[in-house]
Structure formats: C-alpha cells, structure tokens
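Here are my notes on the model, as numbered points. Please read them with the structure open.

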Amino acid sequence: MLVLAFDTATPAVTAALHDGGRVLAEHTTIDARRHGELLVPTIQHVLAEAGAALRDVTAVVAGSGPGPYTGLRVGLMTAQGLATTLGVPAYGICTLDAVAYGSGLAEPFLVATDARRKEVFWARYADMRTRLDGPFVDRPADVPVDGLPVVGAGAGLYTEILGESDAPPYPYAGALAALAAERLAQGTLLDPPRPIYLRRPDAVVPGAPKRVTA
C-alpha cells in the first residue's frame, strides 16, 4: 500500500505519503490564495522525500471538505486526474474527519474550521475516529458546544465563543493519509472524491445585461 493524500479545503496546502504502517513524508504550506500553484509541487516534494515515484502510488485520497469552493476544487480535481492517469482508485474523506483524527482525542469533542463570512464548518465526534453529527455551517454563537472541547482553526478564530484548543488547527495530510490507510486496511468502503458543499459558491454566473431605454 502506498497512499498519496492531500487536502486543499483550508488555507493549508498539505500532502503526505503513507505505506500502510507509517507516514513516509509530509509537507504543508499555509497559503489560502495559492492552492492551485502549490499543490503539485507539494506532491512532488513528498514523493522525492520518500524516495518514491508517482507510479508506485496505489491509492489517491483528497480531503472532500467542507471548504471554500475554489480551493476544494483544486484538490478533488487533482485526485481524479491522478487516479485516472495511474489507474488506481481515488477516494474522498471529510476534511473535518482529518482534523479530528489528528487531534488524537478519545472523548467527545467538536471540530470547527473557518467557513469565512463569520461562520464555521463544524461536526461532532465521539472520538478521533467517529463522527456523530455534521458537517454543518453556522455562526460560532449557534454552534452547540455544550461544554465540549473544540479543535480546529475555528476555535482559534473564535476563542471567546468556542474556547481555546492546543490541537492542530488544520487537516494535515499525515493525519488524512493515516486515517485513509487505516480504513482501507479494515476494508471500510470509502467515498468517491466528491465535494461536500454546505452553501453555494461566492462566484455566480452574470445575468443577462439590462436593456437600456431612452
């Protein structure tokens, strides 16, 4: 097994390789505006660091969001393109699941990431592997924290509402790859690489021009 995993649903452009036993290489750049520019070089970096070739990859995994439309699309389209080229399966895993797995928590908690527009994407977990509810998108004040710890960048942005967290804020690809490898080894059926959209994209097709009357 050699899993290539990456995520572009947050400001973290992150990629990793996992051989079924451990993370061989991982690289992350925090840049919310250059997903398309950074992803392929990041993949090349982890392949070189691991001493692997792209043809050695047996599965491609991308974070499927929720996240901003443009960044999310970069990762999922890349996953589909690589999988087609290599003749290997491509899978999608909820980005919030990767944040949860990276937290290492064994008790109930929430994950919250930045959804912009003064909102957060969030989900509730029983532990690092088990999502109970979500994902949803809400204003921070409307998230039912109920005294649970909150991990993810959303907690860092709205600490006065969601509380502080020492857990990793982003869905680092090492955690995403490890989660995918674990599920594949268990025979868990993974989802295809399709985006999780919780609201319409910011960009819209312009309407017909208005008629000018004298």
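1. Start with the largest nonpolar core. This is a predicted model. The core holds 25 residues, and L4, F6, L17, I43, V57 and V60 touch the most other members. At least two residues each come from β1 (3–7), β2 (12–18), α1 (35–50), β4 (59–63) and α2 (69–86). The top contributor is α2, with six residues. In soluble globular proteins, nonpolar side chains tend to be buried together.

2. Look at V57 next. Leaving aside residues up to four places away in sequence, V57 touches L2, L4, L17, L47, L86 and V88. Another core lies apart from the largest one. This other core has 19 residues, among them A59, A175, L176 and A180.

3. Is β1 mostly covered or mostly open? β1 is mostly covered, with five of its five residues buried. V3, A5 and D7 point one way from the strand, while L4 and F6 point the other way. Residues on both sides are buried. In a regular strand the side chains alternate between the two faces of the sheet.

4. Now the neighbours of β1. β1 and β2 run antiparallel and are joined by five bridges. A hairpin connects the two strands through four residues. Within this pair, L4 has L17 of β2 as its bridge partner, and D7 stands opposite T14 of β2. With β4 the pairing is parallel, over four bridges. There, the bridge partner of L4 is V60. L4 therefore deserves a second look: it is buried under the 20% relative accessible area cut-off, and L4, L17 and V60 are among the residues that touch the most other members of the largest core.

5. Which strands make up the sheet, and in what order? Five strands form an open sheet, ordered β3-β2-β1-β4-β5, with mixed pairing. The edges are β3 (23–30) and β5 (90–93), each pairing on one side only. From one strand to the next, the twist averages 15°.

6. Finally, the helices on the sheet. α1 lies across β1, β2 and β3, and runs at about 25° to β2. Helix α6 (residues 173–185) also packs on the sheet. This helix touches β1, β2, β3, β4 and β5, and its direction makes about 135° with that of β1. When you check the packing, keep both cores in view: α1 supplies at least two residues of the largest core, while A175, L176 and A180 belong to the other one.

Technical notes. Residues numbered from 1 in each chain as written. Predicted model: local features only at pLDDT ≥ 70, side-chain atom pairs only at ≥ 80, totals over all residues. Heavy atoms only, no water. Core = buried A, V, L, I, M, F, W, Y, C linked by side-chain atoms within 4.5 Å. Buried < 20%, exposed > 50% of the residue type's maximum accessible area, 1.4 Å probe, protein only. Contact = heavy atoms within 4.5 Å. Pairing = 2+ DSSP bridges. Axes fitted to C-alpha atoms, helices over the stretch in contact; angles between N-to-C directions.
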